[in-house]
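Student: I would like to work through this model with you, going from one local site to the cores and then to a single helix.
Tutor: Good, let us have it in front of us and take the questions in that order.

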Amino acid sequence: MADMRAFQEEMGRWAVGDHGGDTARELAVGLGLRTAVLLEGPSDLAAVETLAARHGRDLAAEGVCVVSMGGAMSIARYAELLGPPGLDLRLTGLCDERERGFYERGLRRAGAPDRDFFVCMADLEDELIRALGPATVEEIIEAEGDLRPWQTFLSQPAQHGRARHQQLRRFLGTKKGRKIRYGTLLVEALDAGRAPAPLDGLMASL
């Protein structure tokens, strides 16, 4: 796992132009990588890694690297580095519906197919809230000691009249690190076989 983390860190540096990628290439060969899972941010990465663990899978041992790109706008750069023009790995991942066109253009430019990308309606948090149901998510919030911040959030005028799942989705993004923590917690709370379709499809494709 240490080598995989090192690879992920090297990819981050390579993507912003800090070096030419030689170390990332060496690590990719040493790890026997064949597939890269491109995700928008660390909360998505936490959810995917948690679901893989629940399925008893060691993605690193299977030659699969999971990469947080630091934003959807980075898709073209990561597709170039990890896809056919770069390390020539098979590319897959998740994207939000509103970003689909941007992903398609970035992948096309890198000569990588977009058929292996799975689309979330709004984002992965929204998909997980829908899969669990708002009542279950609120129970998780209470169990995590976040009931008071949640109640304070609900009292804000901007939240009045909004659907509960929309309020929950917004709440998860109001504090740094909260989306990452709940990305893990919500996946852990899923019943077997009840993962959202995009997440389930991604896992089945690996």
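## From one aspartate to the cores

Student: Which residue has its backbone nitrogen 2.8 Å from a polar atom of the side chain of Asp 123?
Tutor: This is a predicted model, and in it Asp 123 lies in the loop between strand 4 (117-120) and helix 6 (124-132). The backbone nitrogen found 2.8 Å from a polar atom of the side chain of Asp 123 is that of Asp 126.

Student: Is Asp 123 buried or exposed, and what is its relative accessible area?
Tutor: Leaving aside neighbours within four places in sequence, Asp 123 is in contact with Asp 96 and Arg 169, and its side chain makes a polar contact of 2.9 Å with the side chain of Arg 169. Since buried means under 20% relative accessible area, Asp 123 counts as buried, with a value of 10%.

Student: Which helix gives the most to the largest nonpolar core?
Tutor: The largest nonpolar core has 35 residues, and those with the most contacts inside it are Val 48, Leu 186 and Leu 199. With five residues, the helix that gives the most to this core is helix 3 (residues 42-54).

Student: Where does this core lie with respect to domain 1 and domain 2?
Tutor: Domain 1 comprises 1-122 + 195-205 and domain 2 comprises 124-189. Because both domains give residues to this core, it lies between them.

Student: What does Val 48 touch, not counting residues up to four places away in sequence?
Tutor: Val 48 is among the residues with the most contacts inside the largest nonpolar core. With those sequence neighbours left out, its partners are Leu 39, Val 66, Leu 94, Leu 199, Leu 202 and Met 203.

Student: How many residues are in the second, separate core?
Tutor: Its members include Ala 28, Ala 36, Ala 60 and Ala 72. The number of residues in this second core is 30.

Student: Within what arc do the buried residues of helix 7 fall?
Tutor: In helix 7 (residues 134-143), Val 137, Ile 140 and Ile 141 are buried, whereas on the other side Ala 135, Glu 139 and Ala 143 are exposed. Seen down the axis of helix 7, the buried residues line one face of the helix, because they fall within an arc of 100°.

Student: What covers the buried residues of helix 7?
Tutor: The buried residues in question are Val 137, Ile 140 and Ile 141. What covers them includes helix 6, helix 8 (147-154), helix 9 (164-172) and helix 10 (178-189).

How values were computed: Residues are numbered from 1 along each chain as its sequence is written. This is a predicted model: local features need pLDDT of at least 70, side-chain atom pairs count only at pLDDT 80 or more; totals for chains, interfaces and linings use all residues. Side-chain values use heavy atoms; hydrogens and water are left out. Helices (H or I, at least four residues) and strands (E, at least two) are DSSP runs, numbered from the N terminus. Buried means under 20% relative accessible area, exposed over 50%, partly exposed in between (1.4 Å probe, protein chains only). A polar contact is a pair of N or O atoms within 3.5 Å; within protein, one must be able to donate a hydrogen and the other to accept it, and residues adjacent in sequence count only if both atoms are side-chain atoms. Contact means heavy atoms within 4.5 Å. A nonpolar core is a set of buried Ala, Val, Leu, Ile, Met, Phe, Trp, Tyr and Cys residues joined through side-chain atoms within 4.5 Å. Domain bounds come from an automatic or database domain assignment. The arc is that of the directions from the helix axis to the C-beta atoms.
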